[in-house]
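This report describes the overall make-up of a protein model and then turns to its charged pairs and its nonpolar surface.

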Amino acid sequence: MPFWDLQKQLGIDVDSFLLRQSMPQPHRVAAVCHAFEREWVECGHGLGQTRARRECQLEYEDFMECMQRTKLTQRLRLILEQRDRMIKQGKYTPPEHHMGKEEPRP
């Protein structure tokens with residue numbers, strides 16, 4: 001604990017940029033990825049940077065997936081490619097409302 005806490009006296013928190021989801025949120029509702037970030041921080045607490053990178057890799061990957069949704073977008077892209085292949089082969093016909101054709105209105 002520093003003798004003269006400049007951050008507290010000035011009312012700023014320089015360390016807050018490190019924890020994206022743990023910052024105060026509007027309406028005091030926890031952020032979506034808060035739990036994943038908390039697990040990652042708790043895992044690496046007190047281990048040191050080198051050891052934490054090795055031992056907390058799973059927690060970090062979960063947190064980054066929650067933030068960036070890379071695995072989800074990759075899976076959706078594969079599903080859409082499979083659908084396009086099936087349409088091309090004639091094995092699947094999408095419903096008309098998926099093709100941009102609307103039902104006639106009365």
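## Charged pairs and surface of a helical model

Asp-84 has a relative accessibility of 42% and therefore counts as partly exposed. The model in which this residue is seen is a predicted one. The partner of Asp-84 is Arg-83: their side chains meet in a salt bridge, with 3.3 Å from N to O. Arg-83, at 35% relative accessibility, is likewise classed as partly exposed.

**Overall architecture.** The protein chain contains five helices and zero strands. Read from the N terminus, its elements follow the order α-α-α-α-α. The chain has 106 residues, of which 10% count as buried. Its accessible surface comes to about 9,900 Å², and carbon and sulfur atoms account for 56% of that area. Considering contacts between residues at least 6 apart in sequence, 26% join residues at least 24 apart.

**Salt bridges.** Side chains of opposite charge can pair when their charged atoms come close. The structure holds four salt bridges; the table lists some of them, including the pair described above.

| Basic residue | Acidic residue | Closest N to O distance |
|---|---|---|
| Arg-51 | Glu-55 | 2.7 Å |
| Arg-77 | Glu-81 | 3.2 Å |
| Arg-83 | Asp-84 | 3.3 Å |

Glu-55 and Arg-51 belong to helix 3, which spans residues 49–55; because they are four residues apart there, about one helical turn separates them. Glu-55 is partly exposed, at 43% relative accessibility. Arg-51, at 40%, is also partly exposed.

Helix 5 provides another pair with this spacing: Arg-77 and Glu-81 both lie in it, four residues apart, or about one turn of the helix. The relative accessible area of Arg-77 is 43%, so the residue is partly exposed. For Glu-81 the value is 33%, and this residue too is partly exposed.

**Nonpolar surface.** Which residues make a nonpolar surface patch of about 260 Å²? The patch is formed by Leu-72, Leu-76 and Ile-79. Of these, Leu-72 lies in helix 5, which covers residues 70–89. Leu-72 has a relative accessibility of 44% and is thus partly exposed. This value is consistent with its place in the patch, because patch residues must have over 30% relative accessible area and no salt bridge.

Helix 5 therefore carries both Leu-72 and the salt-bridged residues Arg-77 and Glu-81.

Note on methods:
Residues are numbered from 1 along each chain as its sequence is written. This is a predicted model: local features need pLDDT of at least 70, side-chain atom pairs count only at pLDDT 80 or more; totals for chains, interfaces and linings use all residues. Side-chain values use heavy atoms; hydrogens and water are left out. Patches are made of residues with over 30% relative accessible area and no salt bridge: like charges are joined within 9 Å, nonpolar side chains (Val, Leu, Ile, Met, Phe, Trp, Tyr) within 5 Å. Accessible areas come from the Shrake-Rupley method with a 1.4 Å probe; for residues, only the protein chains shown count as cover. Helices (H or I, at least four residues) and strands (E, at least two) are DSSP runs, numbered from the N terminus. Buried means under 20% relative accessible area, exposed over 50%, partly exposed in between (1.4 Å probe, protein chains only). Contact means heavy atoms within 4.5 Å.
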